[in-house]
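Could you walk me through this model in my viewer, one selection at a time? I would like to know what to pick next and what I will find there.

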Amino acid sequence: MAHALRLAEHGRYTTQPNPRVGCVIAHGSDVVGIGWHQRAGEPHAEVFALREAGTRAQGATAYVTLEPCAHHGRTPPCADALVAAGVARVVIAAEDPFPQVAGRGIEKLRAAGISVDTGLMREAARELNIGFFSRIERGRPWLRVKLAMSLDGRTALANGESKWITGEAAREDVQRWRARSSAILSGSGTVLADNPRLTVRLVGDGFVAPLRVVLDRQLRTPSGSHVLDGAAPTLLLHAPTANRDDSRFAAVECVAVAEQDGALDLHAVLAMLAERGCNEVHVEAGPTLCGALFAAGLVDELLLYIAPLLLGDGARPLLCLPPLADMAARWQLHTLDRRQLGDDTRLLLRPQDPQGMALP
C-alpha cells in the first residue's frame with residue numbers, strides 16, 4: 001500500500017478534479033502490475049495496473065489507495081475491471097465518499113466473491129487527497145493560505161512594496177504549491193497593488209493550470225492587469241450590483257456572489273468553487289482578505305514563509321484580525337511541517353480542528 005501511495009503522488013499536479021489514486025497488484029511480495037491515475041478523463045489507476053499484470057492478475061491481491069469506482073463516468077467502473085480480471089482480494093486504503101461510489105465499489109467486489117479489506121494506511125490516503133475529501137464531505141475546498149513575512153511579522157513596507165521578502169528557493173517552492181491546487185485565489189486589493197499573474201511557472205506542461213479567482217466586489221480590476229490576460233482560466237467574483245458590461249473582462253468569466261456585511265460572502269465563494277470541482281484552493285492575498293478568511297473559520301492550512309529580516313513596526317501586518325477579549329479566544333495552530341529553504345524557514349500549520357473536517 002505504501003508503494004501504491006507513492007504511485008498516486010505522481011498525479012499530484014495532473015488529476016484535477018479527480019483524486020490521486022495508485023494501485024499495486026501482487027502475488028504475495030511479487031508485484032505483477034502497477035498504475036496510477038494520470039489525468040481526469042483518462043483510465044484510472046486500477047486499469048493501468050491490470051493492463052501491466054495481464055493474466056497474472058488472476059488470483060492476485062490488488063492494493064488500491066481509494067475505493068474502486070462502481071459507476072460509469074468518463075471511464076467504465078474499476079470495480080467491474082477488477083472482477084473481470086479475476087483478482088482474489090482487494091485491499092483499500094480509504095473509502096470513497098463520492099455519492100456515486102460511497103461503498104458501492106466495495107459491495108460490487110464482495111458480491112463477486114472477492115475478499116475486501118479496508119483501512120490500511122487510511123490516514124495517509126486521506127492526507128494525499130485532503131482537498132477531494134473536503135469538497136465531497138464538507139461541500140467546500142480545502143483552503144490553504146500562503147503568506148511570507150519578516151521576523152517581526154510584516155509582509156510589506158507601508159507603501160506596499162513586498163518584492164522580495166523571501167529568497168528564490170522559497171519562491172520556487174510556492175510554485176509547486178500553486179501547481180497542486182485547483183484554484184489560486186486573491187483579492188482586488190492585491191491585484192491593484194501588485195498586479196500578480198497568479199499562474200504556475202514550472203518547467204514542463206504536465207500540470208493542470210489552476211483557475212485564477214479574484215474577489216473583486218466592485219470590479220475594480222483595471223485593464224492591463226495580468227489576471228485579465230487570458231493566460232489561464234480566470235473567474236472574477238463580484239457583488240450583484242457591480243457593472244460587468246465592460247470590454248476589460250472579455251477574456252475572463254464574471255459571476256455575481258451574495259454579499260454579507262458589505263463584503264462578498266466567503267462561505268458562498270467556497271461553495272461555488274466546490275461546485276466547480278475545486279479540491280484545494282491556494283490563497284495569495286493581503287492581510288484584509290486573509291484575516292477575513294481566518295475570522296470566518298475557513299482557513300484549513302497556513303503555508304508560512306519566514307525570512308531572516310526586519311521591516312519595522314510601520315510595515316504592513318501579517319493579518320487583519322478582530323481584537324481578542326482574552327487569550328482563551330486566540331487562534332491556536334499546530335505545526336505540521338517545518339523546513340529550511342535557503343535562508344528562509346517554511347512552516348506548514350493547521351488550526352487545531354478545521355471546521356467540519358475529520359483530519360487524518
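Start by selecting R20 and E280 and showing their side chains: in this predicted model, the two meet in a salt bridge, with 3.2 Å from N to O. Two salt bridges are counted between domain 1 and domain 2.

Now colour the chain by domain, using 1-129 for domain 1 and 141-351 for domain 2. Ten residues of domain 1 and twelve residues of domain 2 make up the contact. If you place a marker at the C-alpha centre of each domain, the two markers will sit 35 Å apart.

Next, turn to the surface that the two domains share. Together, domain 1 and domain 2 bury about 940 Å², and carbon and sulfur atoms account for 38% of that. Which three residues should you select on the side of domain 1? Pick Y13, Q16 and E127, which supply 59% of the area that domain 1 buries against domain 2, more than any other three residues.

While you are here, switch on polar contacts. Eight residue pairs are in polar contact between domain 1 and domain 2, counting those with both residues at pLDDT 80 or more. Colour by class, and the side of domain 1 that touches domain 2 shows four charged, three polar and three nonpolar residues.

For the last stop, select F132 and F133. The structure holds one aromatic pair, and these two residues form it edge-to-face, with 5.8 Å centre to centre and 75° between the planes. Are these rings buried or exposed? F132 is buried because its relative accessible area is 5%, under the 20% cut-off. F133 is buried as well, at 1%.

Terms used: Residues numbered from 1 in each chain as written. Predicted model: local features only at pLDDT ≥ 70, side-chain atom pairs only at ≥ 80, totals over all residues. Heavy atoms only, no water. Domains from an automatic or database assignment. Contact = heavy atoms within 4.5 Å. Buried area = accessible area lost by both parts, 1.4 Å probe. Salt bridge = Lys/Arg side-chain N within 4 Å of Asp/Glu carboxyl O. Polar contact = N/O pair within 3.5 Å; in protein donor to acceptor, adjacent residues only side chain to side chain. Nonpolar A, V, L, I, M, F, W, Y, C, P; charged D, E, K, R; others polar. Phe/Tyr/Trp six-rings, centres within 6.5 Å; stacked < 30°, edge-to-face > 60°. Buried < 20%, exposed > 50% of the residue type's maximum accessible area, 1.4 Å probe, protein only.
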